[in-house]
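Colleague: I'd like a close look at just one part of this model, please. Keep it friendly, as I'm new to this.

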Amino acid sequence: MPELPEVEVVRRGLERWVRGRTITAVEVRHPRAIRRHHAGPADFADRLVGRAFGPAHRRGKYLWLPVESTGTSVLGHLGMSGQLLVQPEKAPDEKHLRIRIRFADAPPSAPEAAGTELRFVDQRTFGGLSLHAQVPGEADGLPDAIAHIARDPLDPAFDDAAFHEALRRRRTTVKRALLDQSLISGVGNIYADEALWRAKLHYDRPTATMTRPRSAELLDHVREVMAEALAVGGTSFDSLYVNVNGESGYFARSLDAYGREDEPCRRCGTPIRRRPWMNRSSYYCPRCQRPPVRRTLPAPR
DNA sequence: CGCCCTACCTGGTTGC
DNA sequence: TGCAACCAGGTAGGGC
């Protein structure tokens, strides 16, 4: 389940192995992988062949590569099981290979990439690639399709004070807010549960009860857990999430809450609980993360 | 507009 | 053994 740290690992791989390369061929093997590109697979290929990729960028769980001198960018989302792999052209096709992009050359920064191609592989087909106009005035070639996605907590331009004020205005609960990509991007179910465990906050706490220090603390924990995961290559439960070279990260062994039902809380020893939540699961320590007391919400300021 | 819910998709696991 | 139900979950879009 790729969230911000896993997507950043992939972005770094694209930056090293794909940036600057000129595209010679695009093969779309499954139409669903390109469904966000409304003009269709042939148009997608036509607009890319003969062009070169610019630097790799990321916002939250989205990543993109500007297509030089076109005013467009290729946008990618890994969904739940998507992989962007740099493979030798002669390597056998993966079972769930959806899109193949071939290049004329290796990037000047990585001559050893000669003879490799970029593959989008995705078992569950929630992810995909598409091509979009760039938002005018944004230096990094931000695709217009994700202009509504909030900046992520590792972005220097993320506005902590505005995030706190948004929490205070909302009539929702804290985990819902963490997963709302228009408030803060890059946080998914795993890192939400991990940050809430670290912050000793229950997932159902109303956001309107968050004080400025509590919001600041929560953001600190989100940033800390993501930075730690990034440092070890991200979280992998199996071979589904990998970097562009097919390697898994090591953060799964460092998780404190997610996936640890009935295992002792690493702070107090109480068994971690799993609760059905929004058609998925929330993992939390019933002692460290006390459920909110039900009472009338305070009036908005 | 704010908030909430559902559909989308595949393969591994569980239960009968 | 076979088959159905369940589980993983990010996002767009629709209902109210």
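Colleague: How far does a polar side-chain atom of Arg170 lie from a phosphate oxygen of DNA strand B?

Modeller: That distance is 3.0 Å. Before we go on, this is a predicted model, so local features need pLDDT of at least 70, side-chain atom pairs count only at pLDDT 80 or more, and totals for chains, interfaces and linings use all residues. Residues are numbered from 1 along each chain as its sequence is written, chains are lettered from A and ligands numbered from 1 in the order in which they are written, and side-chain values use heavy atoms, leaving out hydrogens and water.

Back to Arg170: its pair with the strand is a polar contact, meaning two N or O atoms within 3.5 Å (inside protein, one must be able to donate a hydrogen and the other to accept it, and residues adjacent in sequence count only through side-chain atoms on both sides). Next door, Arg171 uses a backbone N or O atom, 2.4 Å from a phosphate oxygen of DNA strand B. Arg32 reaches out with a side-chain N or O atom, 3.3 Å from a sugar or linking oxygen of the strand.

Now zoom out a little. The residues around DNA strand B (those with a heavy atom within 4 Å of it) also include Lys95, His96, Phe126 and Asn279. They divide into six charged, five polar and one nonpolar; here Asp, Glu, Lys and Arg are charged, Ala, Val, Leu, Ile, Met, Phe, Trp, Tyr, Cys and Pro are nonpolar, and the others, Gly among them, are polar. On the DNA side, 73% of the strand's atoms within 4 Å of the protein belong to sugar or phosphate, and the rest to bases.
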